[in-house]
Amino acid sequence: MEREQLERLLGGGDDTSSAALAALRADASYIVWDGTTSPKSLATVYGRRLRHTLRRGIETSGLAQAVQRLDLYGRPVRLGQIRTADASWIFMLFLDEDSSTLVACTGVRQPQPDPPRPDAC
């Protein structure tokens, strides 16, 4: 998928889609995988991730909404991913079968490695 096409899909959306669009425009890497999968199974998987992130205090964006949208969506979806240039966020994209519509978008902040300690060998 061309970057410009993905930018169009993310435009005019919610805060999470807008953040993913900003990351994409700031030279984030992205991929849209071939093939489709069941939105119900993804709703189950991402529902577990929602509970995990809440328990651990991990910052997310749009995760609860994405789970709800996937649970209600009745056709197969394609997956995509945007990783910010500084690797601080990963956005998961859920597209319709022909990649013409964004079904849902969620983001999760990635833990940053601790800087090396000066006394570490």
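## Joining helices α3 and α4

D71 and K40 form a salt bridge, with 3.7 Å between the closest N and O atoms. Since D71 lies in helix α4 (residues 63-72) and K40 in helix α3, this pair ties together parts that are 31 residues apart in sequence. Keep in mind as you browse that this is a predicted model.

How accessible are the two partners? D71 counts as partly exposed, at 38% relative accessibility. K40 also counts as partly exposed, with a value of 43%.

## Other salt bridges

The D71 pair has company: the structure holds five salt bridges. One of them is between E7 and R25, where the closest N and O atoms are 3.8 Å apart. That pair links distant parts of the chain, with E7 in helix α1 (residues 3-10) and R25 in helix α2 (residues 15-25), 18 residues apart.

Is E7 buried or exposed? E7 has a relative accessibility of 19%, so this residue counts as buried; the cut-off for buried is under 20%. Its partner R25 counts as exposed, at 57%, because the exposed class begins over 50%.

Another salt bridge brings together the side chains of R109 and E59, at 2.7 Å from N to O. Here R109 belongs to strand β5 (residues 102-109), while E59 sits in the loop between α3 and β2 (60-61); the pair links distant parts of the chain, 50 residues apart. R109 is partly exposed, with a relative accessible area of 36%, and E59 is partly exposed as well, at 41%.

## A positive patch on the surface

If you are looking at surface charge, have a look at R48, R51, R55 and R56, which gather in a patch of positive charge. One of these residues, R51, is found in helix α3 (residues 39-56). R51 has a relative accessible area of 46%, so this arginine is partly exposed.

## Q81 and its surroundings

Now for a polar residue in a strand: Q81 is found in β3, which covers residues 77-83. Why does Q81 count as buried? The reason is its relative accessibility of 18%, since buried means under 20%.

Which residues does Q81 touch, leaving out those up to four places away in sequence? The contacts include S29, Y30, I31 and W33. Q81 also touches I90, F91, M92 and L93.

Terms used
Residues numbered from 1 in each chain as written. Predicted model: local features only at pLDDT ≥ 70, side-chain atom pairs only at ≥ 80, totals over all residues. Heavy atoms only, no water. Helix = DSSP H or I, 4+ residues; strand = E, 2+ residues; numbered from the N terminus. Buried < 20%, exposed > 50% of the residue type's maximum accessible area, 1.4 Å probe, protein only. Contact = heavy atoms within 4.5 Å. Patch = residues over 30% accessible without salt bridge, like charges linked within 9 Å, V, L, I, M, F, W, Y side chains within 5 Å. Areas by Shrake-Rupley, 256 points an atom, 1.4 Å probe, with all protein chains shown as cover. Salt bridge = Lys/Arg side-chain N within 4 Å of Asp/Glu carboxyl O. Lys, Arg positive; Asp, Glu negative; His and termini not counted. Charge placed at Lys NZ, Arg CZ, Asp CG, Glu CD.
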